[in-house]
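Work through these exercises with the model open beside you. Try each task before reading its solution.

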Amino acid sequence: MSALTPPTDMPTPTTDKITQAAMETIYLCKFRVSMDGEWLCLRELDDISLTPDPEPTHEDPNYLMANERMNLMNMAKLSIKGLIESALNLGRTLDSDYAPLQQFFVVMEHCLKHGLKAKKTFLGQNKSFWGPLELVEKLVPEAAEITASVKDLPGLKTPVGRGRAWLRLALMQKKLSEYMKALINKKELLSEFYEPNALMMEEEGAIIAGLLVGLNVIDANFCMKGEDLDSQVGVIDFSMYLKDGNSSKGSEGDGQITAILDQKNYVEELNRHLNATVNNLQAKVDALEKSNTKLTEELAVANNRIITLQEEMERVKEESSYILESNRKSPKQDRTSEGQALSEARKHLKEETQLRLDVEKELELQISMRQEMELAMKMLEKDVCEKQDALVSLRQQLDDLRALKHELAFKLQSSDLGVKQKSELNSRLEEKTNQMAATIKQLEQSSCGSHPDCARLSEAASRQSWTTGSSNRTSETRSTLCSCKWRRSPGSGTSSSQN
């Protein structure tokens with residue numbers, strides 16, 4: 001078959017398709033993902049062989065695992081950095097439809113699944129990262145609320161869906177980095193779920209946990225009640241991170257998208273205000289319709305009353321005309337009785353007409369009273385609002401007065417305590433003064449007991465000390481002692497001075 005085919009340098013369509021498919025296919029485990037500034041670089045793309053190898057090459061599993069860990073770490077760096085920059089440029093709360101946020105969760109899911117041990121079940125082997133995430137509530141008590149919320153969600157049926165919901169709730173709580181750090185620090189617990197060379201067991205896991213701290217500046221809001229998290233397929237979209245020549249056009253497109261989103265937010269806010277205005281007008285229209293129905297009912301009652309009065313008036317007119325005709329035909333002696341009946345009928349007609357006028361006046365009076373009542377109700381509502389404002393201000397003043405009262409009570413208590421301490425100190429000083437006076441008196445008696453002049457002087461000093469006070473008492477007693485000692489004998493001056 002190949003011999004019949006003429007040799008040519010032109011590629012066949014089949015070869016072109018194979019080449020294009022190979023260029024569009026990226027195998028994460030066969031290449032090294034690296035970062036060149038803000039862009040993703042895939043090394044060794046030219047080493048793809050379009051022809052099958054004659055013999056499969058057996059590479060080192062540890063090398064492959066290390067390569068996969070490095071690739072996942074670089075992808076996590078790019079996704080986290082791109083998510084933070086796009087969220088800050090967007091300037092609004094992110095939701096589940098935001099593409100960079102979706103890619104971040106896909107990358108995190110791949111990181112948590114790397115090196116995960118397979119558990120044997122009745123349906124076969126199962127790999128789920130929900131088991132390690134359940135351990136977080138034992139390490140950090142604050143995560144118990146997230147785990148309980150995930151278990152209570154009715155739409156989640158698989159462990160994968162619960163794990164995805166847990167990641168979203170942790171990001172909303174802005175504690176995803178804290179939970180991942182607490183989980184990575186417990187290698188002895190993770191060894192039950194991961195292989196020894198898995199990403200969560202190596203240094204790359206700690207690096208990714210540190211990078212997650214930057215996501216605390218992002219505000220996200222997810223509604224997971226109607227979202228199908230069980231059947232989502234987590235595929236990393238490399239086109240968001242590959243460098244393209246049309247990057248400037250992409251930035252312009254992002255600017256246009258931002259402007260459109262701003263306009264959308266403005267229109268939504270304007271629509272919200274218009275809806276509020278429409279609701280207020282609708283409430284007013286409903287109130288007017290209710291009042292209109294009441295007025296129409298009252299008007300219908302009045303019209304019925306008027307119709308009955310008109311019927312009675314026509315009946316009276318017919319009776320009066322019949323009486324007139326009969327009077328013309330009857331003899332003269334019967335005219336007097338018929339005239340009386342006619343006068344009574346006319347009187348009755350006047351009464352009915354007067355009653356009709358009274359009913360119409362009463363209806364007008366009721367309408368005016370209703371308008372006055374509506375005006376009074378409005379004034380009462382306004383008065384109630386003013387009184388509520390005054391009540392709020394009075395309550396605030398009452399709180400201020402209570403605080404001032406507590407402060408004055410505290411000051412009064414402190415001043416009472418100071419006065420008590422001063423009185424105790426004063427009593428102690430008086431006791432010490434009395435003790436000193438008693439000691440001085442004993443010294444006087446011991447030193448001047450034999451000399452009569454000294455005894456008289458000590459008695460005079462003691463009398464004077466009782467009149468002048470404890471302070472003067474001490475000084476005068478000392479001066480008396482000194483004078484007594486000098487009078488005793490001239491030759492004893494040296495001994496007394498020494499004493």
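Four exercises follow on helix packing and enclosed space in this predicted model.

**Exercise 1. Describe how helix α3 packs against helix α7.**

Solution.
- Step 1. Locate the helices. α3 covers residues 99-113, and α7 covers residues 159-173.
- Step 2. Take the geometry. Their axes come within 11 Å and cross at roughly 120°.
- Step 3. Classify the angle. Roughly perpendicular runs from 65 to 115 degrees, and roughly antiparallel starts over 145. The crossing of roughly 120° fits neither class. α3 and α7 are therefore oblique to each other.
- Step 4. Add the hand. The crossing of α3 and α7 is right-handed.
- Step 5. List the contact. α3 contributes L101, F104, F105, M108, E109 and L112. From α7 come V160, R164, L167, R168 and L171.
- Step 6. Sort by class. The α3 and α7 contact has eight nonpolar and three charged residues, with no polar ones.

**Exercise 2. Do the same for α8 and helix α10.**

Solution.
- Step 1. Locate the helices. α8 spans 176-184, and α10 spans residues 203-211.
- Step 2. Take the geometry. The axes of α8 and α10 come within 8 Å, crossing at roughly 160°.
- Step 3. Classify the angle. Anything over 145 degrees counts as roughly antiparallel. α8 and α10 are therefore roughly antiparallel.
- Step 4. Add the hand. α8 and α10 make a left-handed crossing.
- Step 5. List the contact. S177, M180, K181 and I184 of α8 meet G205, A206, A209 and G210 of α10.
- Step 6. Sort by class. The α8 and α10 contact holds four nonpolar, three polar and one charged residues. Gly counts as polar here.

**Exercise 3. Find the largest cavity and say what lines it.**

Solution.
- Step 1. Count. One cavity reaches 30 Å³ or more.
- Step 2. Size it. The largest cavity holds about 30 Å³ of space.
- Step 3. Name the lining. The largest cavity is lined by A170, L171, K174, K175, L176, S177, L212, L215 and N216.
- Step 4. Assign elements. α7 and α8 each give two or more residues to this lining.
- Step 5. Sort by class. Five lining residues of the largest cavity are nonpolar, two are polar and two are charged.
- Step 6. Cross-check with the earlier contacts. L171 of α7 also touches α3. S177 of α8 also touches α10.

**Exercise 4. Which elements build the second largest pocket, and what is the character of its lining?**

Solution.
- Step 1. Size it. The second largest pocket holds about 470 Å³ of space.
- Step 2. Find the centre. Of its 15 lining residues, A287, S291, R370, E374 and K378 lie nearest the centre.
- Step 3. Assign elements. α11 (247-329) and α12 (335-447) each supply at least two lining residues. α12 gives the largest share, eight residues.
- Step 4. Sort by class. The lining of the second largest pocket has seven charged, six nonpolar and two polar residues.

Notes
Residues numbered from 1 in each chain as written. Predicted model: local features only at pLDDT ≥ 70, side-chain atom pairs only at ≥ 80, totals over all residues. Heavy atoms only, no water. Axes fitted to C-alpha atoms, helices over the stretch in contact; angles between N-to-C directions. Helix = DSSP H or I, 4+ residues; strand = E, 2+ residues; numbered from the N terminus. Parallel < 35°, antiparallel > 145°, perpendicular 65-115°, else oblique. Left-handed = near helix turned anticlockwise from the far one by under 90°. Contact = heavy atoms within 4.5 Å. 1 Å grid on protein atoms, 1.4 Å probe; cavity = no way out; pocket = protein on both sides within 12 Å on 5 of 7 lines; lining within 4 Å. Points joined across faces, edges and corners; volume = space filled by probe spheres on them.
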